[in-house]
Amino acid sequence: MAYRRRHSGQMQAAAGDSAAVAAIAPVQPPRPAKRSTKRMMRQYDLVERVRAYNPDTDEALLNRAYVYAMMAHGEQTRASGDPYFSHPLEVAAILTDLKLDDATIVAALLHDTIEDTEATRAEIDQIFGHEIGALVEGLTKLKRLELVSREAKQAENLRKLLLAVANDVRVLLVKLADRLHNMRTLEFVPPASRRRIAEETIDIYAPLAGRMGMHEMREELEELSFRELDAEAYGVVNERLNALAERNRNLIGEIETQLRTNLTSHGIVARVVGRRKRPFSIWTKMERKSVGFEQLSDIFGFRVVVQSVEECYHALGIVHTVWPVVPGRFKDYISTPKQNDYRSIHTTVIGPGNQRVELQIRTEEMDRIAEYGIAAHAFYKEGVGSPTEMLNRESNAFAWLRHTIEVLSESANPEEFLEHTKLELFHDQVFCFTPKGKLIALPRKANVIDFAYAVHTDVGNSAVGCKINGKFAPLASELQNGDEVQVLTSRAQSAPPSAWEALAVTGKARAAIRRATRAAVRDQYAGLGRRIVERLFLRAKIAYDDEKLKGALPRLARSSIEEVMVAVGRGEMKASNVARAMYPDYKEERIGLFGGKKDNAPARDKPAPTASAKSVIPIRGINSDLPVKFAPNGGAVPGDRIVGIVTPGEGITIYPIQSPALKDFEEEPERWLDVRWDVDDSTPQRFPARLFVQNVNEPGSLAQIATVIAEHDGNIDNISMSRRSPDFTELTIDLEVYDLKHLSAIIAQLRAKSVVARVERVNG
Ligand code: MN
């Protein structure tokens, strides 16, 4: 994440003042664990905690595990100096907050015994049974993985983690609790390891907890990592939050009271909880929307918990009647739950004191799932079946986990897997509908192209337009929650434009586009090749016919006419070679295409001149018989991903893939050519690019800019002034550079100049 790079500095924890907000914050900000202040939990404390939610708990089993783990760890200590046993005990305690079954609690107590003590799987099986033995072994495997793959990539870690929990999701729950306790006691770990642990936590464990619907767990993991990775930002946000909480102390009580009174007068008994946002979520919001702290109005939220779904909507109606609604903030996750099972109604109103108030309205059951996620399903109920069976039936989150593990076993390498999973793991979803009301869930930022492929590959391949909520819209439109999307298809389009691959967000759409365009590109080359061959024959005044070419196939070492045409279209074979294979006495001079007399060297050994007689543009995938030029407004340089657009009668224009001008050709896939640069570091050629520069009006500023470009070996082709105000001048500079790296270096040098306010690359 971005903030990691920005502040690479100090690590010491910020001293947040939690007292100021304690009154309104049921969730306490993370605090450093202090050995001296925390008494180790006693055996009966643990049993009491479990009995509080599970009267049928097997107390003897819990006691046996407590004593066994304590004896096994013996004199071992943690980095903090605490007895080692305090760690498994705290992990077990975290899991009692999640109200988990006996087997999970016992597995937590035993989770480090096989790896770190004399204990063995056989012994644990014998004393605690096979179910617990299997859980502890799963956790041991995970721990060993962590030790050996410390240097390995994140992707590999995540992959192994998920594979290891495939058999029993309770292993994941213990693992998350283990990580949470380690994060809470991170201050005792040597500084060198802290950062790695915090990064891994924020990249893998926190999103995974979120994906499992364990909201509290995710937030605390994020907070603790944030504090470690960017102590400075954490401190600033926390301080501001505290100040704001102090200033609004009365207002918050007032809002709570008014909410409760209004609901009660309509016969709804509600639990209303004021809820303070966490520094990390505020910080990411500030980063994502690049707004300042003061512009974030929704720093305080309220949760309204009622008895039934009907009451949720009733309460919503009351709130909307009493206070004005902030438009665009209403979300109904009750009728359309998030994929991690989260359900709630969200809305924002202008409450007392003109304060924007964010509300979550939900039932007790929804509240439980919002806090505990998959763990809310995991508690074993007598006669219902094993926890895993229950999860299978009840939980979307578990279905996601299963699905992810399936994808995992299919994908060839960990990077591919991470690409596939990261989007789903790290971003929220948008939910859209087909005109018939079928729900299509997509990752956030997905567009209509993704939607079309999610419906069906054929729909994607033949999509030519769309209507969003009844209105025509571009296919690249980003989808919003609740959009109804009608994809317009055309049989005339057999394959999508190759540029869609860059536009699509989902792996599924990208793969399908790649497949379809590969076939289409081959057809295109074949068509292009045929045009070139036919044109040559026409000019040479020889009759072309397929039968004659068939006879010449062995001489061309090709097995079909199509192959020949593709080779010509790709520029791998000269049309004149085809002619010579068919008519051995064919002489190239007879065409007189380019006027000049040629020597006798075989034509394929030297580049053919282009119609413009300029130097050859080093691009693969086009035949040099066709004139090639660069995008007129902005050019293209090696390093850019490029496409060629065929203009009949004119030739091929090379555009960088990011060029907005490509939109104009979206509806004509037959004009798109898949092309590549054919250059290396030694290519002496320069290529055109365009820059937009905003500079301060100061004597000599223009000269400074020109000097920077010249000093860095850039060729200025043209400078034009697009706008001039008293303070600033806006320039468009056409220049020639070797490649993208060269261009970026020039841009960076320009940005470093004090007379330069802004520099952007322009793509026409
Ligand atoms: Mn542990």
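Helices (H or I, at least four residues) and strands (E, at least two) are taken as DSSP runs and numbered from the N terminus. The exercises below use a predicted model.

**Exercise 1. Take stock of the fold: how many helices and strands does the protein have, and what percentage of its residues count as buried?**

Step 1. Count the elements. The protein has 30 helices and 20 strands.

Step 2. Turn to burial. The chain has 764 residues, and 51% of them count as buried.

Step 3. Look at the surface. About 36,400 Å² is exposed, with carbon and sulfur atoms supplying 50% of it.

Step 4. Check the contact range. Take contacts between residues at least 6 apart in sequence: 67% of them join residues at least 24 apart.

**Exercise 2. Describe the manganese site: which residues coordinate the ion, and how are they spaced in sequence?**

Step 1. List the donors. They are His87 (NE2), His111 (NE2), Asp112 (OD) and Asp178 (OD). The distances run from 2.2 to 2.6 Å.

Step 2. Write the spacing. The donor residues follow the pattern H-x23-H-D-x65-D.

Step 3. Place two of the donors. Histidine 111 sits in the loop between helix H5 (102-110) and helix H6 (113-116), and aspartate 178 sits in helix H10, so this pair ties together parts 67 residues apart in sequence.

Step 4. Test burial. The cut-off is under 20% relative accessible area. Histidine 111 has 2% relative accessibility, so it counts as buried. Aspartate 178 has 8%, so it is buried too.

**Exercise 3. Map the nonpolar cores: how many residues does the largest one have, and which helix gives the largest share?**

Step 1. Size the core. The largest nonpolar core has 72 residues. Leu95, Leu110, Phe128, Ile132 and Met214 have the most contacts inside it.

Step 2. Find the main contributor. Helix H10 (residues 169-184) supplies nine residues, the largest share of this core.

Step 3. Look for a separate core. Apart from it lies another one, of 57 residues. Its members include Val568, Ala575, Ile619 and Ile705.

Step 4. Return to isoleucine 132. Leave out neighbours within four places in sequence. Isoleucine 132 is then in contact with Leu61, Ala103, Val106, Leu110 and Ile124.

**Exercise 4. Work through the salt bridges: what is the count, and which parts of the chain do selected pairs tie together?**

Step 1. Get the total. A side-chain nitrogen of Lys or Arg must lie within 4 Å of a carboxyl oxygen of Asp or Glu. By this rule there are 28 salt bridges.

Step 2. Take arginine 170 and aspartate 101. Their side chains meet at 2.8 Å, N to O. Arginine 170 lies in helix H10 and aspartate 101 in the loop between helix H4 (86-97) and H5, so the pair links parts 69 residues apart in sequence. Both arginine 170 and aspartate 101 are buried.

Step 3. Take aspartate 640 and arginine 761. Their closest N and O atoms are 2.6 Å apart. Aspartate 640 is in the loop between strand S12 (628-630) and strand S13 (642-647), and arginine 761 is in strand S20 (residues 756-762), so the pair joins parts 121 residues apart in sequence. Aspartate 640 has 6% relative accessibility, so it counts as buried.

Step 4. Assemble a network. Salt bridges with shared partners join Arg271, Arg303, Arg362, Glu364 and Asp367 into one network. Within the network, aspartate 367 pairs with arginine 362 at 2.7 Å between the closest N and O atoms. Aspartate 367 and arginine 362 are both buried.

**Exercise 5. Place threonine 117: where is it found, and is it buried or exposed?**

Step 1. Locate it. Threonine 117 is in the loop between H6 and helix H7 (121-128).

Step 2. Apply the burial test. Its relative accessibility is 12%, so threonine 117 counts as buried.

Step 3. List the contacts, leaving aside neighbours within four places in sequence. Threonine 117 is in contact with Ala72, His73, Gln76 and Asp112. Asp112 is also a donor to the manganese ion.

Step 4. Read one distance. Threonine 117 and glutamine 76 are 41 residues apart along the chain, with 9.3 Å between their C-alpha atoms.

**Exercise 6. Characterise the surface patch: which residues form it, and how much accessible area do they have together?**

Step 1. Name the members. Leu702, Ile716 and Ile719 form a nonpolar patch, with about 210 Å² of accessible area together.

Step 2. Examine one member. Isoleucine 716 lies in strand S18 (residues 715-724). Its relative accessible area is 32%, so isoleucine 716 is partly exposed.

Definitions and conventions. Residues numbered from 1 in each chain as written. Predicted model: local features only at pLDDT ≥ 70, side-chain atom pairs only at ≥ 80, totals over all residues. Heavy atoms only, no water. Core = buried A, V, L, I, M, F, W, Y, C linked by side-chain atoms within 4.5 Å. Buried < 20%, exposed > 50% of the residue type's maximum accessible area, 1.4 Å probe, protein only. Contact = heavy atoms within 4.5 Å. Donors = N, O, S within 2.8 Å, 3.2 Å for Na, K, Ca; no water. Patch = residues over 30% accessible without salt bridge, like charges linked within 9 Å, V, L, I, M, F, W, Y side chains within 5 Å. Areas by Shrake-Rupley, 256 points an atom, 1.4 Å probe, with all protein chains shown as cover.
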